[in-house]
Amino acid sequence: MTALDANLDKLATYLERFRATGIQNRIAGQDRAGAGGVFQDHSPVDKSLICDVAHGTAADIDAAASAAHDAFADWRDMPALERKKILINVAEAIEGRAEEIALCECWDTGQTLRFMSKAALRGAENFRFFADQVVQARDGQHLKSPTLMNVTTRKPIGPVGVITPWNTPFMLSTWKIAPALAAGCTVVHKPAEASPLTARLLVEIAEEAGLPPGVLNTVNGFGEDAGKALCEHKKIKAIAFVGESRTGSLITKQGADTLKRNHLELGGKNPVIVFDDADLERALDAVIFMIYSINGERCTSSSRLFIQDTIREEFEAKLIERVNNIKVGHPLDPATEIGPLVTEEHYNKVTSYFDIAKEDGATVAAGGVKVGEDGYFVRPTLFTGASNDMRIAREEIFGPVLTSIPFSTEDEALAMANDTDYGLTGYLWTNDLTRALRFTDQLEAGMIWVNSENVRHLPRRLGGSNLRASAGMAVIGRLSFTWSKNISVLPPVNIRSCASARNGRKENGRDCTRRKNDPCADAVDVGTRGTNQRQTSACHRRSPRNCPSRQRVGRHHRGDLRHPLGDQCRLSHQCK
Ligand code: NAD
């Protein structure tokens with residue numbers, strides 16, 4: 001039995017339950033049929049039916065938002081360590097079902113097992129990473145002011161919507177859901193209609209690992225009905241979205257009436273710039289990896305190659321040879337490097353660029369053809385002789401398609417790299433450190449790698465230089481899913497010192513008479529800004545009974561029970 005056959009056998013077992021019952025929505029820990037009936041999920045490998053999927057509409061979103069709303073207070077108030085433990089349990093449970101997740105994901109999306117075998121583990125890593133942040137998720141700051149003690153803290157924003165794409169759906173769902181849960185938010189998840197299998201596995205795994213019902217709800221459906229309803233729902237306080245830039249714009253509009261907070265991770269048309277002083281073998285590996293792995297369906301892929309003209313011919317020749325050797329095939333065959341594209345619609349979009357490139361005057365140097373009839377397979381494709389104003393250099397193709405553009409000077413490379421509607425990532429290959437620092441300083445991209453392919457480091461900020469690449473909050477995590485509360489307190493120490501101050505007493509070398517006519521101001525000054533802590537303590541923490549000033553001022557002593565809000569307090573107009 002080949003490895004592919006063995007994987008197909010295992011897959012058949014995992015798919016059985018989907019075939020038997022289809023995929024239901026999951027709301028408040030219960031399976032629910034979709035108000036819109038069902039839609040069908042097909043595999044891009046052979047176009048066969050995988051299963052029926054609940055077609056959620058606004059009514060289902062409403063039920064899920066209410067469930068998330070009802071579950072919110074208990075989840076928010078659960079002790080942090082308990083919430084953390086549940087998230088770690090989820091991570092462990094994901095690891096326990098990694099094979100099932102990987103096989104289902106490949107069959108549903110066309111992604112190859114070679115790359116997806118790790119996707120579940122990365123999903124588990126996301127849960128662990130954000131579990132570690134649970135305890136600090138609501139930490140704030142203590143901000144001193146001349147008059148008041150300010151304490152800021154963070155609170156979970158409430159139920160949030162998570163809307164995810166189809167390209168690596170399991171990993172991306174965990175990337176948004178885990179931080180929301182860690183912050184204490186509850187979630188309504190609307191997975192991509194093209195790849196619903198692993199979203200179902202995720203909610204099931206999470207509940208089995210101890211996530212209370214209603215904390216994570218999954219509603220399947222399409223963007224224009226379920227997705228839109230989620231953005232418009234009053235009980236949903238924020239939307240965390242990964243997908244196309246155009247959809248990100250719609251999400252912003254749809255959430256405007258309810259003043260939604262949006263976290264948007266959008267598209268990319270990312271440059272990789274190779275200078276002639278680079279390690280060309282390593283650069284070649286990285287250029288190939290960053291556009292042809294994960295079927296090129298990757299927002300951070302480097303889809304525009306800027307190659308210095310002094311090495312262009314040699315580099316492109318090697319590139320063509322390597323690209324022509326890439327193995328296209330069944331995604332569950334461990335030898336396969338590129339599987340089918342996710343849907344017929346996407347296949348038609350990607351293959352349309354084969355003609356667009358020729359019409360614009362570029363050369364199809366490798367690929368540019370469809371493979372077979374059964375599924376949505378294409379050969380990895382390289383366009384050469386292109387310029388940065390061609391559609392193949394400006395539009396996100398989101399497939400295994402690379403556009404190579406020559407340059408001669410550093411300035412020219414920089415100008416073309418920055419001339420884009422996107423700005424998510426950038427990759428630079430040079431052994432000239434000064435140039436690397438100069439170039440990266442001016443390259444407009446949220447995440448840049450020098451002499452490296454994309455290696456994610458979870459604590460790093462996720463950014464984008466352009467609204468089409470990444471808008472809303474630049475950092476995922478607690479800032480996206482919490483709101484800030486400030487509490488200002490007038491410290492009681494102010495009152496105790498009033499009498500001393502008014503009496504012009506000097507204690508322990510600290511002159512309380514400095515603002516004799518402004519007792520409260522002086523007291524505050526001493527109490528909160530004094531540089532000598534021991535002196536100010538001696539002056540202000542003395543109890544009224546023992547305070548020498550009490551004896552002197554007798555019945556005029558203001559005492560602990562008199563608040564600065566009293567009539568004589570010169571700060572009273574501020575206090576009110
Ligand atoms: P998409 O925008 O078409 O769909 C993404 C999700 O949005 C789906 O669940 C879809 O149903 C939903 N949706 C569609 N219209 C909607 C609407 N009007 N209101 C609410 N929801 C709506 O994207 P896709 O084709 O599934 O994914 C590919 C895109 O995702 C590419 O552009 C890619 O660059 C981007 N992406 C970005 C990142 C990132 O981190 N920046 C990561 C992966 C993918």
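**Reading the terms in this structure**

Q: What does L319 touch in this predicted model, leaving aside residues up to four places away in sequence?
A: L319 touches L284, V287, I288, L305, L382 and L402, and each of these counts as a contact because heavy atoms lie within 4.5 Å.

Q: Which residues have the most contacts inside the largest nonpolar core, and what makes it a core?
A: The residues with the most contacts inside it are I94, F127, V274, F315 and L319. The 97 residues of this set are called a core because they are buried residues of the nonpolar kinds, joined through side-chain atoms within 4.5 Å. Helix α7, residues 169-183, gives the largest share, 10 residues. A second core, separate from this one, has 31 residues, among them F306, F407, L414 and A417.

Q: Why is I294 called buried?
A: The relative accessible area of I294 is 14%, and the word buried applies under 20%, so I294 is buried. This residue lies in the loop between α11 (280-292) and β13, and has a positive phi of about 50° although it is not a glycine.

Q: Why is N451 placed in its accessibility class?
A: The relative accessibility of N451 is 21%, and since buried means under 20% and exposed means over 50%, this value falls in between; N451 therefore counts as partly exposed. N451 too is not a glycine, yet its phi is positive, at about 55°, and its place is in the loop between β20 and β21 (470-472).

Q: How many of the residues, as a percentage, are buried in the protein?
A: Of the 576 residues, 56% are buried, by the cut-off of under 20% relative accessible area. The protein has 22 helices and 24 strands.

Q: What makes β14 and β20 the edge strands of the open sheet?
A: The open sheet has seven strands in the order β14-β17-β18-β13-β12-β19-β20, with mixed pairing, and β14 (363-366) and β20 (447-450) are its edge strands because each pairs on one side only. Neighbouring strands of this sheet are turned by 25° against each other on average, with direction ignored.

Q: How do you know that β19 and β20 are paired, and in which sense?
A: Strand β19, residues 425-429, shares four bridges with β20, in the parallel sense; at least two bridges are needed, so the two strands count as a pair. One of the bridge partners is V450 in β20, which is matched with L428.

Q: Which strands does helix α12 lie across, and at what angle does it run to β13?
A: Helix α12 (residues 312-325) lies across β12 (270-274), β13 (302-308), β14, β17 (381-384) and β18 (401-407), and its direction is at about 145° to β13.

Q: What is the volume of the largest pocket, and which residues are the closest to its centre?
A: Its volume is about 1000 Å³. Of the 34 lining residues, W166, E193, E244, R246 and T247 are the closest to the centre, while the elements that give two or more residues to the lining are α9 (223-232), β10 (238-242), α10 (245-254) and α13 (344-360).

Q: Why is the space lined by G268, K269 and other residues called a cavity rather than a pocket?
A: A cavity is a place where a 1.4 Å probe fits but cannot get out, whereas a pocket is open. The second largest cavity has a volume of about 60 Å³, and its lining includes I291, R298, E396, F398 and V401. Five cavities reach 30 Å³ or more.

Key
Residues are numbered from 1 along each chain as its sequence is written. This is a predicted model: local features need pLDDT of at least 70, side-chain atom pairs count only at pLDDT 80 or more; totals for chains, interfaces and linings use all residues. Side-chain values use heavy atoms; hydrogens and water are left out. Buried means under 20% relative accessible area, exposed over 50%, partly exposed in between (1.4 Å probe, protein chains only). Axes are lines fitted to C-alpha atoms, for helices over the stretch in contact, and angles run from 0 to 180 degrees between N-to-C directions. On a 1 Å grid over the protein atoms alone, a cavity is a set of points where a 1.4 Å probe fits but cannot get out, and a pocket is an open set with protein on both sides within 12 Å along at least five of seven lines; lining residues have an atom within 4 Å of a point. Grid points are joined across faces, edges and corners, and a volume is the space filled by probe spheres set on the points.
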